[in-house]
Amino acid sequence: MRLSRSFVPTLKETPAEAQIASHRLMLRAGLVRQTSAGIYAWLPAGWRVLQKIAQIVREEQDAAGAQEILMPTIQPAELWRQSGRYDAYGPEMLRIVDRHDREMLYGPTNEEMITEIFRQSVRSYRELPQNLYHIQWKFRDEVRPRFGVMRGREFLMKDAYSFAIDYPSAVLEYRKMMLAYMRTFQRMGLKAIPMQAEAGPIGGNLSHEFIIVAPTGESQVYYDAAFERIDPASGDFSFDSPADLNRFFSLLTTPYAATDEKHDPALWRNVAEKREGRGIEVGHIFYFGTKYSEPMGLVVAGPDGRPVHPFMGSYGIGVSRLVGAIIEASHDEAGIIWPESVAPWKAVLLNLKMGDARCDALCEEVYAGLGAEALYDDREERAGVKFADADLLGHPWQIIVGPRGAAAGTVELKRRATGERAELSVADALARIG
Ligand code: ATP
Ligand code: MG
């Protein structure tokens, strides 16, 4: 994309309302704009990041055998009356009345709806287990929306729902999601730590939160450094092998990890390599058995012909929160430092002297070689402005073309994460970027 024709409205000043780095940088880099409290419009650069994160989530859900669907944002209140949650959910739920006086709501989550869809079509244990997910906007009227997209009111979530005929099979579904989650976060350059969690308003007993450690996290966390050495993508763990899934589960749940409320100083004393910090919750998984299948009358025929209420779990990832969480985990004073997998553009090309025939020609050559993953800063701006915006936007690679290099046929390649620079031929620079 050519920056001169793009809508990437960067800001020089730090917006006063932003208290944490990710919020500040998302506004300054022109990723989002707030339209109401806790509600954001995603601009081109931010939207590209959000889609890349969603795509990684999607690929790992698919690898785990979950199937993508899309449920609506608006739901009938009636479904939530059946589960008993309509009154229980409280003021976080945005309630709507349509022109026929029917009570509707903007979904904060989809357990009821997926249970209803399943109830209409599934009759036999032979059709189980199944795991269905969607990536859809949610609305929760948070008391205190803050930190930009980290605690929004409208936010993008991946939520998956599993159905199994018995407890052991439900536990396997849960463990598949655990492996999928660890692989997902690793691909985004994040080290996530699964923590045994209290069941929230969704209920249940087997529950883990996935926490990213960053200075501005909302909760205090304690964990064993052993987590940092777990490699979920090592190839040792297959979604198709119950033995692998169980081994991975015990690898993830044996080392000590706790949020402040659950922290046990007595157990903590025995941890050899202690780590502590602030935690951001980027995912949450629950097993909740028949909590919805029973009151909502979801029944299938079991192997012996008798009716069974399927055992369910739900699995959330905060897709839009992750944009903020990744920035919290990876930035410096100058701006964002994107991991390559989620960067809006892999490389930015800086033309330091627009209108100079050699610079323009060399830039066009490099730009053509870079393909769709490149942003070309072809604005009539001072070099200082281009350098500052490139660091702010956090592209993994910067290719700098100035008159001196252009005369010699070389470019300068800068790696954003390390600041390393090298003077290279165009071919070598392109090869380095890969
Ligand atoms: P929290 O404790 O942060 O409010 P939650 O327990 O309410 O989270 P879940 O219902 O488990 O969250 O939702 C799944 C995921 O959706 C969370 O792990 C989080 O990453 C994300 N999420 C939840 N609430 C918000 C929000 N207000 N804004 C952005 N993301 C959110
Ligand atoms: Mg919440």
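These legends go with close-up views of a predicted model.

**View 1. Ligand 1 and the residues around it.**
Start with the spot where ligand 1 sits: the space it takes is the largest pocket. There are 14 residues around ligand 1, and the ones that come nearest are R140, E142, R151, G152 and E281. What kinds of residues make up this shell? The shell around ligand 1 divides into 5 nonpolar, 4 polar and 5 charged residues.

**View 2. Polar contacts of ligand 1.**
Now zoom in on the oxygen atoms of ligand 1. One contact goes to E281, where an N or O atom of the side chain is 2.6 Å from an oxygen atom of ligand 1. R321 also takes part through its side chain, with an N or O atom 3.0 Å from a ligand 1 oxygen. With G318 the partner is a polar backbone atom, and here the distance to an oxygen atom of ligand 1 is 3.4 Å. How much of ligand 1 does the protein bury? On its own, ligand 1 exposes 580 Å², and the protein buries 85% of that.

**View 3. Strands that help build the shell.**
Which strand gives the most to the shell around ligand 1? That's β13, with 4 residues. Both β8 (154-164) and β13 (274-289) supply at least two residues each to this shell.

**View 4. Helix α9, mostly covered.**
Helix α9 spans residues 319-329, and 10 of its 11 residues are buried. If you want to find them, look for V319, S320, R321, L322, V323, G324, A325, I326, I327 and E328. You've already met R321: its side chain has an N or O atom 3.0 Å from an oxygen atom of ligand 1.

**View 5. Helix α11 and the glycine after it.**
Here you see helix α11, residues 383-393. Its buried residues are V385, K386, D389, A390, D391, L392 and L393. Just past the end of α11 comes G394, which takes a positive phi of about 75°.

**View 6. A cis peptide bond before P129.**
Most peptide bonds are trans. The bond from L128 to P129 is cis, though, with omega near 0°. You'll find P129 in the loop between α5 (111-121) and β7 (130-139).

**View 7. Two residues with a positive phi, D101 and F147.**
Most residues other than glycine have a negative phi. D101 isn't a glycine, yet its phi is positive, at about 65°. This residue lies in the loop between β5 and β6 (103-106). F147 also has a positive phi without being a glycine, with a value near 60°. Its place is in the loop between β7 and β8. Is each of the two buried or exposed? D101 counts as exposed because its relative accessibility is 65%, and the cut-off for exposed is over 50%. F147 has a relative accessible area of 14%, so it counts as buried, which takes a value under 20%.

**View 8. G90 in its loop.**
Last stop: G90, in the loop between α4 (85-88) and β5 (94-97). Is G90 buried or exposed? With a relative accessible area of 18%, G90 falls under the 20% cut-off and is therefore buried. Look also for D141, which is 51 residues from G90 in sequence. In space, the C-alpha atoms of G90 and D141 are 9.7 Å apart.

How values were computed: Residues numbered from 1 in each chain as written. Chains lettered and ligands numbered in written order. Predicted model: local features only at pLDDT ≥ 70, side-chain atom pairs only at ≥ 80, totals over all residues. Heavy atoms only, no water. Buried < 20%, exposed > 50% of the residue type's maximum accessible area, 1.4 Å probe, protein only. Near = heavy atom within 4 Å. Polar contact = N/O pair within 3.5 Å; in protein donor to acceptor, adjacent residues only side chain to side chain. Areas by Shrake-Rupley, 256 points an atom, 1.4 Å probe, with all protein chains shown as cover. 1 Å grid on protein atoms, 1.4 Å probe; cavity = no way out; pocket = protein on both sides within 12 Å on 5 of 7 lines; lining within 4 Å. Sits in = over half its atoms within 2 Å of the grid points. Nonpolar A, V, L, I, M, F, W, Y, C, P; charged D, E, K, R; others polar.
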